Structures are given as C-alpha cells and as structure tokens.
Amino acid sequence: MTTVHPDVQNAYLDVRSDKTETRWVYLHYEDKQIVVGATGDGGLSELVGHFNDNERAYGYLRVTTGDDLSARAKFVFISWVGNKVPPLQKARVSTDKAFVKEIIKDFAIEVHATEPSDLEEDSIMAAVKKAGGANYGTGH
C-alpha cells in the first residue's frame, strides 16, 4: 500500500505560507512511498522540469492572480503520469492521489497531465482565473 511521507505536510504548508519564498513542491515515489523530491521559488516551468516520461508524480504550485488592487495567491494541484509509465502503475494513481489529497486539500484547480504541453502556463493561468469567479480587470 502506498503511503505519504510526513515531510509532504511541511512542504505543503511552506508553499501556502506568505512568509516563505517557496512557490512549489514536487512529489514523487520512492518505492511505495510518496516523498518530497524538490521545492523551489520559481514558477510553473521550473516545477514542470522535474516531471519525466517514466514516472508518476504530483506537484503543488502557488500562483498570483488579480491586478494591483486585488492580487491574491491561488494554488494548483497537478497529478502527472508520464507516457512511459506501465498500465498498472497508471491505474494506481487514482487511489494514490486520494492519499496525497488528504494532505494537499486547498487548491483552485486540479490538472492531470501526461506531457509537458498539458501544463502550459497560459492555459493553467486561464483556468485559475476562471475558477476564481469574478475577474475585475482594466480590460487590457
């Protein structure tokens, strides 16, 4: 049975904190345990650089939406299944993801990706803005 390492909770809280520079956490499997593989203060492209075709992994990303008057943090949960992952491991992601989501509970959108093009910044940000409801901008 898959377990989630206790450090995942701390990494999640670090990304959520307004007091740290951490903007994402990358989670991957070590044997039957989901562990923190990396954290970073860059953006989506830095996180996506950790995903590869041979693995199942998860990411949690902090983004900023709104304008100068109403900038706010939003969060994205990513489940990743590379194209070269065996079918049985692919199938296990649906149940394993539930274990991860017992810790990572707060996010605006959830994205399931199998290739980097599923995680293009423009489409992710558009989905986050849409999920946020009213969008009061300058019209530009």
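A salt bridge here is a side-chain nitrogen of Lys or Arg within 4 Å of a carboxyl oxygen of Asp or Glu. Keep that cut-off handy for the exercises below, and remember that you're working with a predicted model.

**Exercise 1.** Which residue forms a salt bridge with Asp 96, and which parts of the chain does the pair link?

*Solution.* Start with the distance: the closest N and O atoms of Asp 96 and Arg 56 are 3.5 Å apart. That makes the pair a salt bridge, because the cut-off is 4 Å. Next, place the partners: Asp 96 sits in helix α3 (residues 87–101), Arg 56 in strand β4, and 40 residues separate them. Finally, check the cover: both Asp 96 and Arg 56 are buried.

**Exercise 2.** Arg 62 has a salt-bridge partner too. Is Arg 62 buried or exposed? And what about Asp 18, buried or exposed?

*Solution.* First the contact: Arg 62 pairs with Asp 18, with 2.3 Å between the closest N and O atoms. This one also links distant parts of the chain, from Arg 62 in strand β4 to Asp 18 in the loop between α1 (7–16) and β2, 44 residues apart. Now the accessibility: Arg 62 has a relative accessible area of 11%, so it counts as buried. Asp 18 comes out at 68%, so it's exposed.

**Exercise 3.** Which residues make up the salt-bridge network that includes Lys 97?

*Solution.* Begin with one link: Glu 110 and Lys 97 form a salt bridge, their closest N and O atoms 2.9 Å apart. Glu 110 belongs to strand β6 and Lys 97 to helix α3, 13 residues apart. Glu 110 is partly exposed at 33% relative accessible area, while Lys 97 is buried at 16%. Then follow the shared partners: Lys 97, Lys 101 and Glu 110 join into one network. Across the model, the salt-bridge count comes to 4.

**Exercise 4.** Work out the sheet: in what order do the strands lie, and which are the edge strands?

*Solution.* Go pair by pair. Strand β1 (residues 3–4) runs parallel to β3 (residues 33–40) over 2 bridges, with Thr 3 partnered by Gln 33. Strand β2 (residues 24–30) is antiparallel to β3 over 7 bridges, and here Glu 30 has Gln 33 as its bridge partner. On to β4 (residues 56–65): it is antiparallel to β2, joined by 5 bridges, including His 28 with Ala 57. Put together, the 6 strands form an open, mixed sheet in the order β1-β3-β2-β4-β5-β6. The edge strands are β1 and β6, each pairing on one side only.

Key
Residues are numbered from 1 along each chain as its sequence is written. This is a predicted model: local features need pLDDT of at least 70, side-chain atom pairs count only at pLDDT 80 or more; totals for chains, interfaces and linings use all residues. Side-chain values use heavy atoms; hydrogens and water are left out. Two strands pair if DSSP finds at least two bridges between them. Helices (H or I, at least four residues) and strands (E, at least two) are DSSP runs, numbered from the N terminus. Buried means under 20% relative accessible area, exposed over 50%, partly exposed in between (1.4 Å probe, protein chains only).
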